[in-house]
Protein chains: 2
Amino acid sequence: MLDTVSPTTLIASLAANARSASRDLARTSDMQKRAALHHAAKALRKATSTILAANAVDLERGLANGLSAAMLDRLRLDPARLESVAAAVAAVADLDDPVGQVIDRATRPNGLELSRVRVPIGVIGIIYESRPNVTADAAALCVRSGNAVILRGGSEAIESNRAIHAALNEGLVAGGLPAAAVQLVPTTDRAAVGAMLAADGAIDLIIPRGGRSLVARVQAEARVPVLAHLDGVNHVFVHASANLAMAKAVVVDAKMRRTGVCGAMETLLIDRAFPHAAEVVAALAATGCALRGDAEAQRLLPGMAAASAEDWDAEYLDAIAAVAVVDGLDGALAHVAAHASGHTDAIIADDEAVAERFLREVDSAIVLWNASTQFADGGEFGLGAEIGIATGRLHARGPVALEGLTTYKWLGRGTGQVRG
Amino acid sequence: MLDTVSPTTLIASLAANARSASRDLARTSDMQKRAALHHAAKALRKATSTILAANAVDLERGLANGLSAAMLDRLRLDPARLESVAAAVAAVADLDDPVGQVIDRATRPNGLELSRVRVPIGVIGIIYESRPNVTADAAALCVRSGNAVILRGGSEAIESNRAIHAALNEGLVAGGLPAAAVQLVPTTDRAAVGAMLAADGAIDLIIPRGGRSLVARVQAEARVPVLAHLDGVNHVFVHASANLAMAKAVVVDAKMRRTGVCGAMETLLIDRAFPHAAEVVAALAATGCALRGDAEAQRLLPGMAAASAEDWDAEYLDAIAAVAVVDGLDGALAHVAAHASGHTDAIIADDEAVAERFLREVDSAIVLWNASTQFADGGEFGLGAEIGIATGRLHARGPVALEGLTTYKWLGRGTGQVRG
C-alpha cells in the first residue's frame, strides 16, 4: 500500500504527525521523558530475540547482495551490542533536560522581565546508513530534548531498524509519549530521502549520519537546514618548546588510537626549531603508521615517502599521516589556515604564550593544547552522548548533544507595558 | 571593466578578500574594533555633503523611474537622517564585544580544561533593498562582532550606498582594519545576488533585509545558510482574567503604535468569558483600526466586517485587525498554534497560572504576558541594536544583534592527556 503513495505525500504525512507529537513533547515534563526513555530501554532488552532475528534477515540479504565485510560488521547486532544500545538509551534518559533552562534574564528599565528559555527545535529528520544502533541513539537524544524525530535508515538495515523502532515505540508509548514522537520512514525508496530534504517548514532540521557521500548529497540538496559533519583533516603541531615524551605520546595517540574516527590526526606539523623532531617521527613510524613528508620531513626518517599536494588536504582515516616541517608558530598557523577542515587541531608546547596564540587564532570547532585530537567526542566533552560533531559554523559547532537539539524563545513578563 | 567579469567570479573574488579580512578581524582587539567604528562614524559625518549629493542622484533617478512616494522616502537621506546613521555606528562601537566571551567551562575528570568561547562567524553577506542606512548599520554590527561583510544593496540606492561605503571604509582603514572588512558589491547586476546565494563555503551566512519577496527569494535559492525574517502574524489574547484598562491600552498599542512594523498585532483573540470584550473592541475601533471578526466578534461591535478564512493568516502591516472570540486559554492556544507565524504573541491576564501556561505553550520567538507585541525589537530587548528579527528556529531566534553574529569554538587545555 505504501508504494502507492508518493514519497512527498508520505513524508508530508509523517511530518504532520511529527509536528503534532512535537507539540505534546514540548509540554512533556523532564520526569516523564526520562521515564519513557527508561521504558524504551527495557522494551529494547525485552525484544532482543525479535531484533536479532530481524538483523539476521538483513545480514543474510547483505551477504547475498555482496556487502563488504566492513559493511556487514557495521550492520551486525549480537546480544552484547544490543545491550549496549539499550544501555545508551537508558544513559540518555538520565541526562539533564535542556528544555526549560534559562539562558539569561534581565529586567528592562520599563520593568519588563525578559528571559531566554531553551525549547525543543521541533521536528528533526535523521538520515543514516547501515548502523542500526543509530535508530535507538538518535531517537533517544531527540526525544530527551523534546523533539519529534523522523528516522530514515539505510535499506540494508531495514528489518533491524523496524524491529528496533517497534520496540522503542512500544516503550515510549507505554511511558505516555505520543506514538509519532519517533517515526521510521517505512519505505526503502531513495526518493523518500529527497522528499525529506525538500520538506522545508515541515521538518525543522536534518542531521545526516554516515559517510562523506551521504553527507555531501544531503548538503547539496537540502532545503531544510542541515547540521552536518564533513571532514576531519586534523593537525597536531609540535612546537619548539614541546616536551618530547608528551609530543610522542600525544602524536601516537592522536593518529593511531583509532585511525577511522573523525578526530584522528591526519597531518603532523613539526617546528623546524624543535630539536627532537626525528624522535617524534620515529615513534609514530614505529607504530606502523605510513608517513608522507615534505622534503624537510623526509630527512627526519630514512625512507619516508614524499607527500603530494593532495596529502595536505587528505582525510586518510587510516594508518597514514602527512608530515610537514614548518617555520615556528606562524608557519603552523599558515598551514592550518590553508588546509584544516575546521574540525580539531592541537598544539604540543610548553610555552604558554605560544599555545594561547594557537588556541586563539586557529579557527576550528575544537582547538587543543597538550592533548590528543582523539578527545573530539561528546562523551569525552562531558555531554553524555553525541548526535554527531558539527563542522559547520551556525547553531552548534563541534560535539552536539542535547543542547544542540534545542533552540530558545524569549519570554517577557510585564505589568501592562506599552511602547507608546 | 567590472561588467566583463562574471557575477560568480566577482563574488568569489570579494569572498576571498573577505575571508582574508575575517581572519584579521577575528584577531582584532575589542579596543581596536571600537576605535575603528568611531573613526567610521566620524568619517560618515565628515562626508555628509558627498553622501547627500550621491543620494540626490539616486532620488532623481528614482523619480524619473517612477518609484512610489514610500520608496522615495525610504531612499531619502537628509542631514538629520545621516546624523542618526553616524550616531548608530558610534552606538554599536560602544557595545560590549561578544568575541572572546566564555560561554561555559569545565574541568574533565582527566584534568582537561574545556571551555566554549565566542568567535565571529566569518564572512557574512547582507542583501537589502532601498534603505541606504542599512549599509552603515549592518556593516557596523558585522565588524563589531569580528565578521567581514559583503553588502549588496538595492540598485535604486547604489550611489548613496557607494558614498556611505567609501566613507565607512576610510574610517575603518584609518582605524587599522583591513579594507576588505566591509565590501560593497560594485555592480547592480541582479545575477550578483544569485552568486552570493550560491557561494556555499565562501560566505558563511546570508542575512536578507527587506520585504517578503526578497526574503522569500533568498530562502528559496540560497545554498548558504540564511538568517531570515519572514512573517509577523502576531496575536494578543485577552483572557477572562484580564484587567480592562490594561487590555485596552496594550491592544491599542500593539496594533496602532506603528502598524507597519513586524511586531504589530494582526489578530485579537478575546476570551468568550471576558466580560468587557465589547469595550476592548470599541477602544481599538475608535483609533481608526478596521476590524474583521468571526460571527461572535461581529456581535461585539455594530458594523464590524466579517473575517474570511485568509484573515486569520494575514500580516496586514496596516490599520486592520482580525478579531476572534475563543473558548478560554485552550481556544487561544489552538488558534495561535494554527495561525501564528512564530514571531511575537501576547496574553493579557491577571491569572498567573494561565499566563505561565501561555508563555510555556506558545511556540513563538517572543511570548509576552501583559506587554505590547511592539516591544519585539533588539533595542527594547537591551541588545543595543539589531540586524533583524529571526523567524527561523536555528542559530538565533527573535531579535538578533552581536551575539547572533557569532558562533563558538571549544578550547581544551591539557597536560599531555591521551585517550589511550
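Student: How does Glu296(B) count in terms of exposure, and what is its relative accessibility?

Tutor: Glu296(B) counts as partly exposed, because its relative accessibility is 25%; the classes are buried for under 20% relative accessible area, exposed for over 50%, and partly exposed in between, with a 1.4 Å probe and protein chains only. Before going on, note that this is a predicted model, in which local features need pLDDT of at least 70 and side-chain atom pairs count only at pLDDT 80 or more, while totals for chains, interfaces and linings use all residues. Residues are numbered from 1 along each chain as its sequence is written, chains are lettered from A and ligands numbered from 1 in the order in which they are written, and side-chain values use heavy atoms, with hydrogens and water left out.

Student: Which residue does Glu296(B) meet in a salt bridge?

Tutor: Side chains of opposite charge can pair when their charged atoms come close. The criterion here is a side-chain nitrogen of Lys or Arg within 4 Å of a carboxyl oxygen of Asp or Glu, and Glu296(B) satisfies it with Arg272(B), at 2.7 Å from N to O. This pair links distant parts of the chain, 24 residues apart: Arg272(B) is in the loop between β8 (265-271) and α11 (277-286) of chain B, and Glu296(B) is in helix α12 (residues 295-298) of chain B. Helices (H or I, at least four residues) and strands (E, at least two) are DSSP runs, numbered from the N terminus. Arg272(B), at 43% relative accessibility, likewise counts as partly exposed.

Student: How many salt bridges are found over all chains, and what does a pair within one helix look like, taking Asp30(B) and Arg34(B) as the case?

Tutor: The search of the whole structure gives 56 salt bridges over all chains. Asp30(B) and Arg34(B) form one at 3.6 Å, N to O, and both lie in helix α2 (residues 30-46) of chain B, four residues apart, which is about one turn of the helix. Asp30(B) is partly exposed at 31% relative accessibility, and Arg34(B) falls into that class as well, at 24%.

Student: Which parts of chain A are tied together by Arg144(A) and Asp97(A), and are these two residues buried or exposed?

Tutor: The two side chains meet in a salt bridge of 3.9 Å, N to O. Arg144(A) belongs to helix α6 (residues 133-144) of chain A and Asp97(A) to the loop between α5 (79-93) and β1 (102-107) of chain A, so the pair ties together parts that are 47 residues apart in sequence. Both residues are buried. They also take part in a network of salt bridges, which links Asp30(A), Lys33(A), Arg34(A), Asp94(A), Asp97(A) and Arg144(A).

Student: How do α2(A) and α6(A) cross, and which residues of α2(A) make the contact?

Tutor: One fits lines to C-alpha atoms as axes, for helices over the stretch in contact, and takes angles from 0 to 180 degrees between N-to-C directions. The axes of helix α2 (residues 30-46) of chain A and of α6(A) come within 10 Å and cross at roughly 165 degrees, and the two helices are therefore roughly antiparallel, given that angles under 35 degrees count as roughly parallel, over 145 as roughly antiparallel, 65 to 115 as roughly perpendicular and the rest as oblique. The crossing is right-handed, a term for the near helix being turned clockwise from the far one by less than a right angle, with left-handed for anticlockwise. Asp30(A), Lys33(A), Arg34(A), Leu37(A) and Leu44(A) of α2(A) make the contact with Ala136(A), Ala140(A), Val143(A) and Arg144(A) of α6(A), contact meaning heavy atoms within 4.5 Å.

Student: At what angle do α6(B) and α7(B) cross in chain B?

Tutor: Helix α6 (residues 133-144) and helix α7 (residues 158-174) of chain B have axes that come within 10 Å and cross at roughly 30 degrees, so α6(B) and α7(B) are roughly parallel to each other. Their crossing is right-handed. Thr135(B), Ala136(B), Ala139(B) and Val143(B) of α6(B) are in contact with a set from α7(B) that includes Ile164(B), Leu168(B) and Leu172(B).

Student: Why is there no disulfide bond at Cys262(B)?

Tutor: A disulfide is a pair of cysteine sulfur atoms within 2.5 Å, and the count over all chains is zero. The sulfur of Cys262(B) has its closest cysteine sulfur in Cys289(B), 18 Å away, which is too far for a bond. Cys262(B) is partly exposed at 22% relative accessibility, whereas Cys289(B) is buried, with a relative accessible area of 5%.

Student: What is notable about the phi of Leu317(A)?

Tutor: Leu317(A) has a positive phi of about 50 degrees although it is not a glycine. Its place is the loop between β10 (305-306) and β11 (320-326) of chain A, and it is partly exposed at 35% relative accessible area. In chain B, Leu317(B) also has a positive phi of about 50 degrees without being a glycine.
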